[in-house]
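Could you walk me through this model in the viewer, stop by stop? I would like to know what to select next and what is to be found there.

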Amino acid sequence: MTGVRLLVGTRKGAFVLTADGSRREWQVSGPHFGGWEIYHVKGSPADPDRLYAAQHTGWSGQVIQRSDDGGVTWNPVGNHFGYEGVPGTHQWYDGTPHPWEFERVWHLEPSLDDPDTVYAGVEDAGLFKTTDGGQHWQELPGLRGHRSGSEWQPGAGGMCLHTIVLDPVTSGRIYTAISAAGVFRSDDDGATWRPVNRGLHSEGIPEPEAEVGHCVHRIAMHPSRPDVLYMQKHWDVMRSDDAGESWREVSGNLPTDFGFPIDVHAHEPATIYVVPITSDALHFPPDGQLRVYRSRTGGDDWEPLTHGLPQQHCYVNVLRDAMSVDSLEECGVYFGTTGGQVYGSADAGDTWLPIMHDLPAVLSVEAQTIA
Amino acid sequence: MIRVVLPAHLRSLARIDGEVALEVTGPVTQATVLDSLEAAYPVLCGTIREQQTKQRRAFIRFFACQQDLSHEPPDAPLPEQVAAGTEPYLVVGAMAGG
């Protein structure tokens, strides 16, 4: 029987939650790496028992953990993330040049076909790659070395490369998103990059339609339509139908178009999910009502999903990597909150159940469908 | 043998129970002790000192014999009691966070 494994990263450790296909009863394993921030845990599409976890504290920096048995046991692998060459500078919050300094890994994206190959998005924004299962990490310096790199500025959460999307059809095509620089695309497996932000409009930057400088929060793709991308920006939900060459706003009837995560239904490439958040100053849902919004039309037309979610006095946030879907016949949707709840829906969002109530603040949720 | 005491989160990471006993050849300094520690437990590389610069991480402190050695030169000799193994060299996670 198939089942689901949720990989949950929190402020104080990682948790592995497992259920059978009914997704009603969940077994909890953890905390793994208790006391450490776990920004992201993700499994290899080519070998679902191969997991990678990004573990960090302010005291002792970055550690990468690897599991070869689905999260039962873990072993640390390489944790040296050295920028290639002379790192140079980017802009600091006050506009002055600031040296590129490695702080932490935000996102781990295993290759689609090789369990030993993983991409890592880091703060200060850079892209690294391992081809030996995490023992060694090499920067792909073409991204940070883009001519605009010296102009990039951090967002409120730091200057992080938080999203990595691998195109399953066009060989060598990778998308990354950086706060607050925007989306960059490579068509040569990460050697060279160009910004793909045309159509984005951001009021908080001097030139609202600049080529670079947008605070993109998350992008998502359905593997059957890799040229269609969805984006949750600082403000605005956006869509591209041409592999990022141009974007248009699809916020439509959302109550607010600020938010962090965005994800796509496993079987319906035009069905997408967001969690509207009141504003950049008020990082909680409007009116204290936690609502996932679903569009079955690829944006513009949205419906609130509320059944089973708290509809009063709820003041949590849902962070950018904290939503995921499984690929069971009836698509499951999951998200975690800064209040330590993990919610799941076994019917594509129509109804929700709390899976966990009292975890530390949830930083990331990844769903794996297990045969 | 040089005795090293690590903070709990690093003992857990390196799967160490209690103190670490290290063989250090040549002068016993903070640099040679930490080099030996990292050689014995590679997972600790980067968790006490920066990987490339070997500078102490900001929220790590080094104590021995009731002295704070955090700002001492890394190549300065450690106290004789540490070199003799009668006193441990303490790697401490600084109190931070309120």
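The tour below goes through each chain and the contact between them. Please keep in mind throughout that this is a predicted model.

**Stop 1: chain A as a whole**

Select chain A and colour it by secondary structure: it has one helix and 30 strands. Its radius of gyration is 19 Å, close to the 21 Å that the globule rule gives for 371 residues, so chain A is as compact as a globular protein of that length. Along the principal axes, the C-alpha atoms fill a box of roughly 50 × 45 × 40 Å. Of the 371 residues, 53% count as buried. Among contacts in chain A with a separation of 6 or more, 49% come from residues 24 or more positions apart.

**Stop 2: the nonpolar core**

Next, pick A:Val8, A:Ile219 and A:Val342, the residues with the most contacts inside the largest nonpolar core, which has 127 residues. In soluble globular proteins, nonpolar side chains tend to be buried together. Now centre on A:Val8 and show what surrounds it. Leaving out residues up to four places away in sequence, A:Val8 touches A:Ala14, A:Phe15, A:Leu17, A:Gly336, A:Val342, A:Leu359, A:Val362 and A:Val365.

**Stop 3: strand S28 and its two partners**

From A:Val342, extend the selection to strand S28 of chain A, residues 342-345. Which residues lie on each side of this strand? A:Val342 and A:Gly344 are on one side, A:Tyr343 and A:Ser345 are on the other, and all are buried, so both faces of S28(A) are covered. In a regular strand the side chains alternate between the two faces of the sheet.

Add strand S27 of chain A, residues 333-336, which runs antiparallel to S28(A) and is joined to it by four bridges. Here A:Phe335 has A:Tyr343 as its bridge partner. The hairpin of S27(A) and S28(A) has five residues between the strands, and in it A:Gly340 takes a positive phi near 90°.

Then bring in strand S29 of chain A, residues 353-356, which pairs with S28(A) in the antiparallel sense over three bridges. A:Tyr343 turns up again here, with A:Pro354 as its bridge partner in S29(A).

**Stop 4: a four-stranded open sheet**

Move on to strands S18, S19, S20 and S21 of chain A, which form an open antiparallel sheet in the order S18-S19-S20-S21. Strand S18 (216-221) and strand S21 (248-249) stand at the edges, each with a single partner strand, so one side of each is left without a neighbour in the sheet. Inside the sheet, look at S19 (residues 229-233) and S20 (residues 237-240): four bridges join these antiparallel strands. One pair to highlight is A:Gln232, which stands opposite A:Val237 in S20(A).

While you are here, select A:Glu209, in the loop between strand S17 (194-195) and S18 of chain A. Is A:Glu209 buried or partly exposed? With 13 C-beta neighbours inside 10 Å, A:Glu209 counts as partly exposed. If you draw a C-alpha to C-alpha distance from A:Glu209 to A:Val237, it comes to 15 Å, for residues 28 apart in sequence.

**Stop 5: the contact between the chains**

Show both chains and select the contact, which takes 12 residues from chain A and 12 residues from chain B. On the chain A side, strand S6 (residues 61-67) gives the most, with three residues. By class, this side has three nonpolar, nine polar and no charged residues.

**Stop 6: chain B**

Now isolate chain B, where you will find three helices and five strands. Along the sequence they follow the pattern β-α-β-α-β-β-α-β. The C-alpha trace spans about 35 × 25 × 25 Å along its principal axes. Buried residues make up 28% of the 98 residues in chain B.

Zoom in on helix H2 of chain B (residues 30-40), whose buried residues are B:Gln30, B:Val33, B:Leu34 and B:Leu37. They cover an arc of only 95° around the axis, which puts them on the same side of H2(B). What covers them includes strands S1 (2-5), S2 (20-22), S3 (60-64) and S5 (89-93) of chain B.

Finish at B:Ser70, in the loop between strand S4 (67-68) and helix H3 (80-84) of chain B. B:Ser70 is partly exposed, with 13 other C-beta atoms within 10 Å. Not counting residues up to four places away in sequence, B:Ser70 touches B:Arg56, B:Arg61 and B:Phe62.

Conventions
Residues numbered from 1 in each chain as written. Chains lettered and ligands numbered in written order. Predicted model: local features only at pLDDT ≥ 70, side-chain atom pairs only at ≥ 80, totals over all residues. Contact = placed C-beta atoms within 7 Å. Helix = DSSP H or I, 4+ residues; strand = E, 2+ residues; numbered from the N terminus. Nonpolar A, V, L, I, M, F, W, Y, C, P; charged D, E, K, R; others polar. Pairing = 2+ DSSP bridges. Buried ≥ 20, exposed ≤ 12 C-beta atoms within 10 Å, placed from the backbone. Arc of directions from axis to C-beta. Core = buried A, V, L, I, M, F, W, Y, C linked by C-beta atoms within 7 Å. Rg over C-alpha atoms; globule rule 2.2 N^0.38 Å.
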